[in-house]
Amino acid sequence: MKEYIIGVDGGNTKTDYFLFDIAGNFIDFYRGGTCSHEGLHDSFAGSYRVMNEVFTNLFQRNKITIEQIKTAVFGLAGVDTPFQKAKLEEVVQMLGFTKFKVVNDSFLGIKAGTSNGYGVCSINGTGTSSGGIDLDGKNLQVGGIGAIVGDEAGGSWIARQAIRVVYDACYRFGQQTLLTEIVMKELGVNDKYYLMEAISSNLTQRKVNLTTLTIAVFECANKKDKVALQILKSMADNLARSAGGCVVNLNFPEEVEIVLAGSVWVKGSCPVLIEEFTKKIEQYTNKKCKIITLNVPPATGAIVWALELATGKFPNYETRKLISGNVEKELGRIEHHE
């Protein structure tokens, strides 16, 4: 009986399901909507409902049964607490999987981007979190549930900071900044008298283009705007504290690979962000940190990890490259059609 592995990368808007064989060869791919309990009206039951439908169709069209799935890894948004993890593990068991891992999607970058399968991944996209996997295979997540645990990073946070510093400059003795004209234009006002009303109404109705403001912060930082630079330095410090928390609470060698993933890390145009992050994390952890910007899709990590579970060893470079190439090809194909 031929054996297969499953890798799932499940975000808050879309989920990518990959089917490979036990040798690491691509078999099939499907992109669906979110399977996150946080984004579905019927919560964990919804996660089961959505994934059950996908796997039923995926297995039928490939003429295989779930008994042929040797291992599976689910990297999912919304796996932030032991309770959530346990509930989603129950969902996966109900689907019929027997040997699997359910983890926060922040862990996928470690398996996708490190050379030996252990290290830390700092996610800096729309939101933020950090995950670590150490030499003993122990996992730790730091952050991921909001500012109350230090999640002061990500595109949404940067955009709100841009608005905040402009309001400060207008009314709270804040430093003048190039961001003022950009923020006022985005909010649709040319008189600071109307600024608070514009902030209140636009944010409540979600009319503000947060991406525009995020990009503006990077552009102004590149123009040496002190306020924009301080936003990036503050974010770098927050990110270093969370990623560094993974480092010092797990078992790592003297040099630790730190993978940077997410749109703000990957597309951010100002070098100060990574420079400040590197300086701070080495200062906090007292370890040499090798910074790796993830240049393959995180879904690669789910398949690599599933293959590691199936074979008992971390796949070699050639196999990982084969997997990432197939993942990029499939994601590129579907995104071209979208």
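**Note on the five-stranded sheet and the largest pocket**

1. An open sheet of 5 strands shows mixed pairing and the order 8-7-6-9-10; strands are DSSP runs (E, at least two residues) and helices likewise (H or I, at least four), numbered from the N terminus, and two strands pair if DSSP finds at least two bridges between them. Strand 8 (139-142) and strand 10 (288-293) each have a single partner strand, so one side of each is left without a neighbour in the sheet. On average, neighbouring strands are turned by 20° against each other, direction ignored (axes are lines fitted to C-alpha atoms, for helices over the stretch in contact; angles run from 0 to 180 degrees between N-to-C directions).

2. The model is predicted: local features need pLDDT of at least 70 and side-chain atom pairs pLDDT 80 or more, whereas totals for chains, interfaces and linings use all residues. Residues are numbered from 1 along each chain as its sequence is written, and side-chain values use heavy atoms, without hydrogens and water.

3. Strand 6 pairs with strand 9 (residues 255-261) in the parallel sense over 4 bridges. Ile123 has Ala261 of strand 9 as its bridge partner.

4. Helix 8 (residues 226-248) lies across strand 6, strand 7, strand 8 and strand 9, and runs at about 150° to strand 6; contact means heavy atoms within 4.5 Å.

5. Ile123 is also among the residues nearest the centre of the largest pocket, with Asp105, Gly125, Thr126 and Gly262; the lining has 45 residues. On a 1 Å grid over the protein atoms alone, a pocket is an open set of points, where a 1.4 Å probe fits, with protein on both sides within 12 Å along at least five of seven lines; lining residues have an atom within 4 Å of a point. Helix 12 gives the largest share of this lining, 4 residues.
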